[in-house]
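User: Can you walk me through the cavities and a helix pair in this one? I'll put it up now.
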Amino acid sequence: MSATVSPLAPKKYVKLPALEGVRIRTAEAGIKYRNRTDLLLMVFDEGTDVAGVFTRSKCPSAPVDLCRANLPGGKARVLVVNSGNANAFTGRKGRETTSLTAKAAAAAVGCRPDEVFLASTGVIGEPLDAGKFSHLLKDMAKGAEAGLWGEAGKAIMTTDTYPKYATATVKLGDADVTINGIAKGAGMIAPDMATMLSFVATDAPIAAPVLQQMLSAGTKGTFNAVTVDSDTSTSDTLLLFATGAAAKRGAPRITDPKDARLMQFRRALNRILKNLALQVVRDGEGARKQVEVTVTGAKSARSAKRIALSIANSPLVKTAVAGEDANWGRVVMAVGKAGEPADRDLLSVWFGDIRVAREGERDPDYSEAATSDYMKRDEIRIRADIGLGRGKATVWTCDLTKAYVEINGDYRS
């Protein structure tokens, strides 16, 4: 964790309850960081179902390849995550590392290698030596405990200034089921699945195909709607595990994604995904402000999303927000360059509830003082109405400060 915690960090961290069917252990393996945990092991009870979504990068990491290969089996017994090294662009050595790690993890918990899931985060292009940590897994599995979610969130951080947690308890049938989630991410964040590492687990008895449908749908307005710097990581991994332990308390096993009993669970899962995604934005490297960008009146929802991302990813928009400068001309610029249908003379722009431009020119009631005052807030809303249709979309980003350059200028140092 950074010495300076983001000013947008939660005022207090939620405590995640123990989750039946999941046991956790962390360790200091010294992969890159000293005097902090950098290795996470999660052990799942036999029969745990799993779903996942991954980066769309054409240069994925070796652990992403392994997860993709194992996901069709639909079952998980163990997750191993390391921070400090992404094991990406590491060629044959990277594949050997994932193979060795998967075998060591499988031996540690007594499962098949295809029930092992791996994730790595950190520097790209540096070989990851499995010998640094694979020997730790056996003792970690023996010492794993149900309640160590707080430790799990800390062990997966890189440039994060705080760990990210979310939890919810809802009814499935007549039984209470719990959903816990952790995430890491601060830089190299762009909406192209999953923009970070995130691991969510539940004791609900839900079949893997149903989990997959909910997770894929849930990412669209959450992890795929956040951007810090427009850069999609090689390692993005979001995994959802369901241990099924709540079946003993009367929770029904769900095998159909259209099952009406899923409604509360689906809503809670989506809230957790959004909560974690926004925590990543609020921990954007050097961030001082959260920015919500909404586009309405576009030709289609897809068009609205592309325009919103054009605004959210614009360095000029983001630096204006950092400087608390109500420079709405940069929003106009970002709409115009998006490559989507737009009409200069139909466009309207708002900062918060203040309309700053309409019908191709500055709003006649525009007040520089009022708008500048609004820009001093730590949560900024920008809206652009395109005036052409009914398409709308919302994405979230953060401002771009000098600290972002400083953090990334010496990331490997």
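User: Which element gives the largest share of the lining of the second largest cavity?
Analyst: H8, with three residues. This is a predicted model, where local features need pLDDT of at least 70 and side-chain atom pairs count only at 80 or more, while totals for chains, interfaces and linings use all residues. Numbering runs from 1 along each chain as its sequence is written, and side-chain values use heavy atoms, leaving out hydrogens and water.
User: What else lines the second largest cavity?
Analyst: The lining includes Asp 325, Asn 327, Phe 351, Met 375 and Ile 382 (lining residues have an atom within 4 Å of a point on a 1 Å grid, where a 1.4 Å probe fits but cannot get out). H8 and H9 are the elements that give two or more residues. Its volume is about 40 Å³.
User: How do H8 and H9 pack?
Analyst: H8 (315–322) and H9 (329–337) pack at about 160°, axes 9 Å apart. They are therefore roughly antiparallel (angles over 145 degrees). The contact (heavy atoms within 4.5 Å) is made by Leu 316, Val 317, Thr 319 and Ala 320 of H8 and Arg 330, Val 331, Met 333 and Ala 334 of H9.
User: OK, switching. How much space lies in the largest cavity?
Analyst: About 70 Å³. Of the 14 residues lining the largest cavity, the closest to its centre are Asn 82, Thr 101, Leu 118, Ser 120 and Phe 133.
User: Which elements give two or more residues there?
Analyst: Strand S4 (78–85), helix H2 (91–109) and strand S5 (116–123). Helices (H or I, at least four residues) and strands (E, at least two) are DSSP runs, numbered from the N terminus.

Notes: Axes are lines fitted to C-alpha atoms, for helices over the stretch in contact, and angles run from 0 to 180 degrees between N-to-C directions. Angles under 35 degrees count as roughly parallel, over 145 as roughly antiparallel, 65 to 115 as roughly perpendicular and the rest as oblique. On a 1 Å grid over the protein atoms alone, a cavity is a set of points where a 1.4 Å probe fits but cannot get out, and a pocket is an open set with protein on both sides within 12 Å along at least five of seven lines; lining residues have an atom within 4 Å of a point. Grid points are joined across faces, edges and corners, and a volume is the space filled by probe spheres set on the points.
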